[in-house]
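This report looks at strand pairing and at a few individual residues in one protein model. Please keep the structure open while reading.

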Amino acid sequence: MASNRPAPEGPSAYDLDDRGAFRGPGDADNMNDGPWEEWNPTEDSLRSVRGKHRVAKQRGGGLARSGTVLGVGVIAAVGAGGMATAEGRPAVPISMPDVGGMADDLADKLPDAESLPGVGDLISDSDTDSAAAAASTSATDSAVQDAPGPLTQASRTDSGTGPGEALRSRILQQADAQQGAAEHEAREAAEHAAFQKAETKAATHQKSAEKAAAAKKAAEMEAKREAEEAARRKAEAARLAKLAKNFITPVSSYTLTAGFGQAGDRWAADHTGQDFAAPTGTPVKAVHSGTITQAGWAGSYGYRIVLTLDDGTELWFCHLSSMVKTSGKINTGDVIGRVGATGNVTGPHLHLEVRPDAGDPIDPMPWLRDHGLKV
């Protein structure tokens, strides 16, 4: 970086003449001095500004002199020779120029600062920097105004303070921001917990309602089933009561012995009917009204009467000791024969078989019960 040339050295005390005055231009002992001219301190000592280097114009007339540099010369003489050397010299008369008038005259002759090389740019840049600073301050105030939270006024107040206050303001803003975030998170957590609790309560209530509805529905179905069952039993009782008027047991007094499907060595296959043991000669009655289609000896069955009902079901009355009726229409309760021990038997009894549609035999006991008989 270039620097300004050094200031010219002031005149020494030894340059004074015998009268104590400076030797002017043209003196015999001062022949090397250049032409006398005014020294412009602004132009010769102004420092370069912001990297714009200027080289001062070298004056060709030698060292410029003026009454304004008298003090500089005296200080230089004292510094170089010391106070002891000055004391050995004779007294020197000093004449002080009119510095105030010279300053006014010099000020009138100086150009404006804006027109000087480098100075005008400095002033311009200073104005620009002032405008930029004002804009930055305005932007800072605007940002502080837009900042959320209770620190807006504090930030606006601290914008013109030092870096310590600015750092403190930023720390407080960050703390408030963190506190606000924590409070927001706490609110969200509380809302979520309340939502979960409400959802759980609603689910529990819904399950309770569903359970109560299911229990109510089950109770209603059970009541309906019981009602239907009661109605069925009632209808069945009515039907059986009606059938009981048309169906009777084949003998009034009896003892049940061999049942349907029972195995034994007295018959070739399993037992095909139900035995009612009773004394010989006990009356055998028609279980229901029908027509006698067969009557006579039937081998191992002994004497047998076949009563065919209106629906085609055949009733076989076997092992009879005698036959009272052997043909024709028969009403319920008519005596058609008597208990005996004919055929393949071991004692007197009535062997009753039930054959629907004149087919294979079935168990007589359920059939009798289905027709209202208590056997």
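The text below covers the strand pairs, then one arginine, then two residues with positive phi.

**Strand pairing**

The model is a predicted one. Strand 4, residues 290-297, runs antiparallel to strand 5, residues 303-309, and seven bridges join them. The two strands make a hairpin with five residues between them. In its turn, Gly299 has a positive phi of about 70 degrees. Trp297 has Tyr303 of strand 5 opposite it.

Strand 4 also pairs with strand 7, residues 328-330, again in antiparallel fashion, through three bridges. Here Thr291 stands opposite Lys329 of strand 7.

Strand 8, residues 335-339, takes part in two of the listed pairs. Three bridges connect it to strand 3, residues 283-285, and three bridges connect it to strand 6, residues 314-323. In both cases the direction is antiparallel. On the strand 3 side, Val284 has Gly337 as its bridge partner. On the strand 6 side, Ser322 stands opposite Arg338.

| Strand pair | Bridges | Direction |
|---|---|---|
| Strand 4 and strand 5 | seven bridges | antiparallel |
| Strand 4 and strand 7 | three bridges | antiparallel |
| Strand 3 and strand 8 | three bridges | antiparallel |
| Strand 6 and strand 8 | three bridges | antiparallel |

**Arg304**

Which side chain of opposite charge is nearest to Arg304, and how far away is it? Arg304 belongs to strand 5. Arg304 is buried but has no salt bridge. The nearest side chain of opposite charge is that of Glu353, 6.9 Å away. Arg304 therefore lacks a salt bridge to Glu353, since a salt bridge requires the charged atoms to be within 4 Å.

Leaving aside residues up to four places away in sequence, Arg304 touches Gln294, Ala295, Gly296, Ala298, Trp316, Phe317, Cys318 and Met323.

**Positive phi outside glycine**

Two residues other than glycine have a positive phi: His319, near 65 degrees, and Asp357, about 55 degrees. Is each of them buried or exposed? His319 sits in strand 6 and counts as buried because its relative accessibility is 5%, below the 20% cut-off. Asp357 lies in the loop between strand 9 (349-355) and helix 7 (364-370). Asp357 counts as exposed because its relative accessible area is 63%, over the 50% cut-off.

Technical notes: Residues are numbered from 1 along each chain as its sequence is written. This is a predicted model: local features need pLDDT of at least 70, side-chain atom pairs count only at pLDDT 80 or more; totals for chains, interfaces and linings use all residues. Side-chain values use heavy atoms; hydrogens and water are left out. Two strands pair if DSSP finds at least two bridges between them. Helices (H or I, at least four residues) and strands (E, at least two) are DSSP runs, numbered from the N terminus. Buried means under 20% relative accessible area, exposed over 50%, partly exposed in between (1.4 Å probe, protein chains only). Lys and Arg count as positive and Asp and Glu as negative; His and the chain ends are not counted. Contact means heavy atoms within 4.5 Å.
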